[in-house]
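Trainee: I'm new to this structure and would love a close look at a single part of it. Could you pick one buried spot and walk me through its surroundings?

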Amino acid sequence: MAEATFILSAFGDEIAVKLHDQLRVLNELRIPGLELRTVWGKNVLDLDDEEARKVAELCASAGVRVNAIGSPIGKSPIDGAMEEEFRKLDRIMRTAEIVGARRIRVFSYYPPDTSTNAHYDRYVEPAVERLARLAERAAAHGYQLMLENEKEIVGDTVARCARIMQQLDQSNVCFVWDPANFVQVGEERVTERGWPLLGPYVGYVHIKDAHLSDGSVCAAGEGDGQVPELLMRLREAGYQGILALEPHLAIAGHSSGFSGPEGMAYAAQALRRLMAEVGCVEAAA
């Protein structure tokens, strides 16, 4: 088994609205990767070709790579028209092509009633069907989809995420593990319980933590997301990939978050401290 290495990346819109400010802070923090979600106040889904080319130019000048597109695909009603989902995916793939990214983050759709997740099991199969159609379209153009766990989405708990990944069984779909999002749906000892089920599917990791008591978000290692245990599992599995900082330390919205430059610096320091404690090797920027 190859020795595990970890590349740091970060959601730029957690730092600032303007892309040049995002990139400046990433350079200062020695974080070589950008998760592209929102720039200049526009969601990545709404960028046109000219704006995408500007992103590519600025990132190249700063020496920062766009590691993934933080798309909102799948944060929409599960009974919505698939034609609209295909339109979104096509636009995202076009932007991804321009900025040089091959990974696209997606979600597993909102059930009609999100007041409780007690009935979400009945929507696993419809979610799988929709995701499979998206995956086939993405595969035809050489893109990988990354399914993230999230509250109020069909794939919210460990068990449902595992069912979705098992049934989906698409070679160009991996799982994005987000510790805080699991904690916010009440998952206790999430790494201990969840890794045996989801570990084989993990291809990307979002780094933020949260408290079980009230769902509040915190830096890695300060909450109940078992982030040190997750890093150990990744190291033991020979993980070769991204740890993407998404701290949400100032604002923790459902579709985005904000930490500011200081918050991102604090989050990066907390992650690097945990990595050193568990023996995770950060790849050189």
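Mentor: Happy to! Take Val99: in this predicted model, its relative accessible area is 10%, which is under the 20% cut-off, so Val99 counts as buried. Val99 belongs to helix α3, which covers residues 82-99. Now look at what surrounds this residue. Leaving aside residues up to four places away in sequence, Val99 touches Leu36, Ala52, Val55, Ala56, Val66 and Ile69. Lys54 is worth finding too: 45 residues separate Lys54 and Val99 along the chain, yet their C-alpha atoms are 8.8 Å apart.

One of those contacts, Ile69, leads us to a wider picture. Ile69 is among the residues with the most contacts inside the largest nonpolar core, which has 83 residues; Leu231, Leu234 and Leu243 are the others named there. A second, separate core has 8 residues, including Met146, Val176, Tyr204 and Ile242. In soluble globular proteins, nonpolar side chains tend to be buried together.

From Leu231 you can move on to another helix. Again not counting residues up to four places away in sequence, Leu231 touches Leu271, Leu274, Met275 and Val278, among others including Phe6, Leu243 and Cys280. Leu271, Leu274, Met275 and Val278 are among the buried residues of α9, as are Gly260 and Arg272. Helix α9 runs over residues 260-278, and its 19 residues should span 27 Å at 1.5 Å a residue; the end C-alpha atoms are 27 Å apart, so the two values agree. Just after α9 comes Gly279, with a positive phi near 80°.

Definitions and conventions: Residues are numbered from 1 along each chain as its sequence is written. This is a predicted model: local features need pLDDT of at least 70, side-chain atom pairs count only at pLDDT 80 or more; totals for chains, interfaces and linings use all residues. Side-chain values use heavy atoms; hydrogens and water are left out. A nonpolar core is a set of buried Ala, Val, Leu, Ile, Met, Phe, Trp, Tyr and Cys residues joined through side-chain atoms within 4.5 Å. Buried means under 20% relative accessible area, exposed over 50%, partly exposed in between (1.4 Å probe, protein chains only). Contact means heavy atoms within 4.5 Å. Helices (H or I, at least four residues) and strands (E, at least two) are DSSP runs, numbered from the N terminus. The expected span of a helix is 1.5 Å times one less than its number of residues.
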